Structures are given as C-alpha cells and as structure tokens.
Amino acid sequence: DWLAYPVQRDEQESIAPLGVYPAMSFTPDSKHLIASWGGKINRIAIAGGAAEQIPFEVDEEIDLGPEVRFDYPIADDTEMVVKQIRNPVLSPDGKKLAFTALNKLYVMDYPDGTPQRLTTGEQTESMPTWSGDSKNIAYVTWEQDKEGHLYKVSASGGTPQRLTTDAGIYSNPAWDAKSDRIVFNYGSAQAFQNAIGPFGFGSDEYLGWISASGGPVNVIGESKGRSHAHFVKGDDRIYLYSGQKGLLSVRWDDTDEKVHLKVTGITTYPAAFEESCMMV
C-alpha cells in the first residue's frame, strides 16, 4: 500500500527516468518515515494517514538567471516543413540522397532536388541503404505487433519487395555491392519486449545476411555489441563497430576477427553509463 501518493521522482541528476524516489529515513521509534517532496520535509505515519509537513527555514541567498521558457506557435496548416530527417545516406554515384522523415522513406536529387516519397505503405520505414549501382534501396520496417521486415524498392519508386520471410526486429542494413548481399542486425520481437528498458536496447541478438533478391536469413553470429556494418572496396570482409573494441572486421562466417582502430579519451559519467547499458 502507498504511504504517500503522489510523490514525484527526483530527476535533478537525470539517468533515472523510471526511478528514483527522494531519500528517506525512519524516526528512532520506527513509527514514522521522513521524506522530502514538493519542496517540503514530510513526516508519514507508518500506520497510515495524511503526511505532516515539518516546517523549516533556511537562511540562504541563491542567484537565479532568467526563466528558460519559450512559447512556440503550433500552426494548423495542412502542410508543414519537416525540420528533422533521419538516416540520410548518399547513393554510391553521389547523385541522390535517401532518408527517413516522419517515419516514411524519401529520396531526392543531391544536393538541390525535391524530396519524393518512395512508397505508399503505412508502416514505419527506416535505415535505408543503397545498392552498388544506385538503382535500389533496402530499408527496414516497424509494423504490427512491434516487429517488421527488410524490404527493397526502386530508387525511382514503385512497389516494395519484401526480402525477409520471418518478422522480427531488423536494423542497420548495409548492402555489399561486391556480393549483392545485405548484412544487418536482427532479433526476435519477444527478445526486444523482454529486454526493453528506459534506453530501448535488447533487440540486436544476431548479425545476419540475406541475398538482395530475398530468401532465408543466414546467421553470421551473435551480435555481441557489434553493429553498423559497412564494406571496403576490393575487400571481402565485413567491417563493424563495437563499443568495447572500436572498429573491427570479420569474415562472412564470423571468423578471423581483427580490431583495426579504437579512439579513446575522456569519458563523462552519463556517456560511460549509457555505454555500459548498451553492452549489458
């Protein structure tokens, strides 16, 4: 049962979006709990009842700056200017740019073209990657029941082709022009639901690849924190990023892992905390 409700969480130090309640302490007779919220010190009877405020005064001077608050007008126009795009990627020939805006896939002539939507689907479309000839784009979707597929579509638009058979959580696809295979991170929707937390991690269980024409998913190996696959011209290895190891590469069967580069330096507390959560 609640002793006091509602009691706001202490977010002054951040990194606790689903916790932390203010510090508290029992009275010597164990009959009351002392806790602070709402700018007051409160005494709560363990047996129940309304909390009592404990009055106090503090002789202090605090300098305050101007209030950081802005009123932004929200228009009711039928059209709007999108001010954020995600996952922009330039075509290999440098002539077009693909990106996601408002969860839909767009392409435009680079650098001064007019963005055009590539599909008419209702699902979320994200993380585009180009074929080596700049004629097709592969991307991942987020559909019903919090899972999706890997698709490809012509860079000039048209009906998308679903490449994967089994639904799941697919991310970070990369199209290898040499072998015409697409590498990606993937996992089951259930694994995502089991592991999701305030940071939303837990769906990248494996690294896999699929033929650019579709077919079964071929397992490369467990992801182990490795993602963002990319390729080097004239090389038959898969290059990946690992938060623990830096830039590394493996063969298509996940053997002969080589670490090529790791950049180190001063790491602040929040960044270190978030990286540790990613590695769990």
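What volume does the second largest pocket have? The answer is about 450 Å³, and the paragraphs below walk from that pocket to the strands and rings around the model. Please keep in mind that this is a predicted model, in which local features need pLDDT of at least 70 and side-chain atom pairs count only at pLDDT 80 or more, while totals for chains, interfaces and linings use all residues. Residues are numbered from 1 along each chain as its sequence is written, and side-chain values use heavy atoms, with hydrogens and water left out.

Let us begin with the pocket. A pocket here is an open set of points on a 1 Å grid over the protein atoms alone, where a 1.4 Å probe fits and protein lies on both sides within 12 Å along at least five of seven lines; lining residues have an atom within 4 Å of a point. Grid points are joined across faces, edges and corners, and the volume is the space filled by probe spheres set on the points. The second largest pocket is lined by 25 residues, and Val89, Thr129, Pro173, Ala174 and Trp175 lie nearest its centre. Two or more lining residues come from each of β5 (86-90), β9 (124-130), β13 and β17 (226-230); strands such as these are DSSP runs of E with at least two residues, numbered from the N terminus. With five residues, β13 gives the most to this lining. By type, the lining holds 13 nonpolar, eight polar and four charged residues, where Ala, Val, Leu, Ile, Met, Phe, Trp, Tyr, Cys and Pro count as nonpolar, Asp, Glu, Lys and Arg as charged, and the others, Gly among them, as polar.

Now follow β9 into its sheet. An open sheet is formed by four strands in the order β9-β10-β11-β12, with antiparallel pairing. β9 and β12 (161-162) stand at the edges with a single partner strand each, so one side of each is left without a neighbour in the sheet. Two strands count as paired if DSSP finds at least two bridges between them; β9 and β10 (residues 136-142) have five, in the antiparallel sense. Thr129 has Ala138 in β10 as its bridge partner.

Elsewhere, β2 (residues 32-37) pairs with β3 (residues 40-45) over six antiparallel bridges, and Ala35 stands opposite Asn42 in β3. Their hairpin has two residues between the strands, and Gly38 takes a positive phi near 65°. β3 also pairs with β4 (residues 52-54), in the antiparallel sense over three bridges. That hairpin has six residues between its strands, and Gly48 in the turn has a positive phi of about 110°.

Finally, look at the rings. The whole structure holds 10 aromatic pairs, meaning rings of Phe, Tyr and Trp (its six-membered ring) with centres within 6.5 Å; planes under 30 degrees apart count as stacked, over 60 as edge-to-face and the rest as tilted. Tyr170 and Phe184 have ring centres 5.5 Å apart and planes at 75°, so they are edge-to-face. This pair links β13 (residues 169-176) to β14 (residues 181-187), 14 residues apart. Tyr170 is buried at 8% relative accessible area, and Phe184 is buried at 1%, where buried means under 20% (1.4 Å probe, protein chains only). Ring pairs link Tyr170, Phe184, Tyr186 and Tyr206 into a cluster.

Technical notes
Buried < 20%, exposed > 50% of the residue type's maximum accessible area, 1.4 Å probe, protein only.
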